[in-house]
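The following exercises concern a single protein model and are to be solved by inspection. Each task is followed by a worked solution.

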Amino acid sequence: MRTKLTAAAAIALTALPLSASADGEVNIYSYRQAYLLEPLLNAFEKETGIESNVVFAKKGLAERLEREGRNSPADVVMTVDISRINELVERDLVQGVDSETLEENVPENLRHPDGKWFALTTRARLIYTSKERVDEGEITTYEELADDKWNNRICTRSGKHPYNIALISSMIAHHGEAETETWLKGLKDNLARKPQGGDRDQIKAIAEGVCDVSIGNSYYYGNMLRDENQRPAAEAVRLVFPNADGRGTHINISGISLTKSAPNRENAVKLMEFLSSPEAQSIYAKANTEYPANPNVELTGLVAEWGPIQPDSLSLQEIAERRNAAVKLVDRVDYDG
Ligand code: FE
């Protein structure tokens, strides 16, 4: 009895040993990487005797589920980013789970109202600033990114990336579309270069003096600190937890959903409950410098060092609902242009 893990690129997805009918199994489609899931699934098997089969992919899981329809062997999907999670709901590929354990472990703003997804970890979208060229406390909110004082001093990845879309969606939820458009224009006007690269590249750009301020997820910074080659760049920047004294810092999630087909429904719900438990939550969050979704889990490692976070309490569902408006705004201000 060993947890079978199949690392597969999207192209290799067809030849995987997934069984739709065997007892004592649960089948997982995952956008999350093997090193994150392996310790969790081993712990789950140890506790329940249920074996996990995993298909890892970088994209295309929703399409695959759609294609397989009712015959899909998948029981659960594990993914990151609220818009990707919500896509599963909108395509009617997942079903609600009614579980007291999950409702107890996962706060209401971090799960779907009908249990169609549950957050397992959260990640904060932070402002990174140059330790050299920006004083501590000089910028404390997302709103200030549009101030003239940052003209030519900000770098970001594409405005169309889901992480930025979710942030812009949260701005719309708090300020309305018109005000958010003005803000986004102001931010665009402050860019030192065309949006490009990922969040880590913005940290590198600050270290290289290309810009002084950027936006990025908490774990990229944490994971760069843990990597010998990338540590010097990370050490050149300071983390700002925006809006900590106000409405709170924007967070996104990684989550889990029960598929509509779910041949091993009972085992799948057991897995979901297990993953929301304090034991699993602390393993999971620590592996990628994320925050546990379960508020009863003590922070450990780097995130504990960074101190308690004041997350925006806005429901992630509400952020998902504003996605289309955010995408339109990014186009209208030609953010990437
Ligand atoms: Fe990421």
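**Exercise 1.** What spacing do the donors of the iron ion follow along the chain? Identify the donor atoms and relate them to the helices.

*Solution.* The structure is a predicted model.

Step 1. Locate the protein donors of the iron ion: they are Tyr-163 (OH), Tyr-219 (OH) and Tyr-220 (OH), and they lie 1.9 to 2.1 Å from the ion.

Step 2. Read their positions in the sequence; the spacing is Y-x55-Y-Y.

Step 3. Assign the helices. Tyr-163 belongs to helix H5 (residues 162-175) and Tyr-219 to helix H8 (residues 218-225), so this pair ties together parts that are 56 residues apart in sequence.

**Exercise 2.** Determine whether Tyr-163 and Tyr-219 are buried or exposed.

*Solution.* Step 1. Apply the cut-off: a residue is buried under 20% relative accessible area.

Step 2. Tyr-163 has a relative accessibility of 8% and therefore counts as buried. Tyr-219, with a relative accessible area of 4%, is buried.

**Exercise 3.** Describe the surroundings of strand S4 (residues 76-80).

*Solution.* Step 1. Examine burial. Five of the five residues of S4 are buried, so the strand is largely enclosed by the rest of the structure.

Step 2. Examine each face. Val-76, Met-78 and Val-80 are buried on one side, and Val-77 and Thr-79 are buried on the other; both faces are thus covered.

Step 3. Find the paired strands. Strand S2 (residues 25-30) runs parallel to S4 and is joined to it by three bridges; here Ile-28 has Val-76 as its bridge partner in S4. Strand S10 (residues 251-259) runs antiparallel to S4, with five bridges between them, and Ser-257 in S10 is the bridge partner of Val-77.

Technical notes
Residues numbered from 1 in each chain as written. Predicted model: local features only at pLDDT ≥ 70, side-chain atom pairs only at ≥ 80, totals over all residues. Heavy atoms only, no water. Donors = N, O, S within 2.8 Å, 3.2 Å for Na, K, Ca; no water. Helix = DSSP H or I, 4+ residues; strand = E, 2+ residues; numbered from the N terminus. Buried < 20%, exposed > 50% of the residue type's maximum accessible area, 1.4 Å probe, protein only. Pairing = 2+ DSSP bridges.
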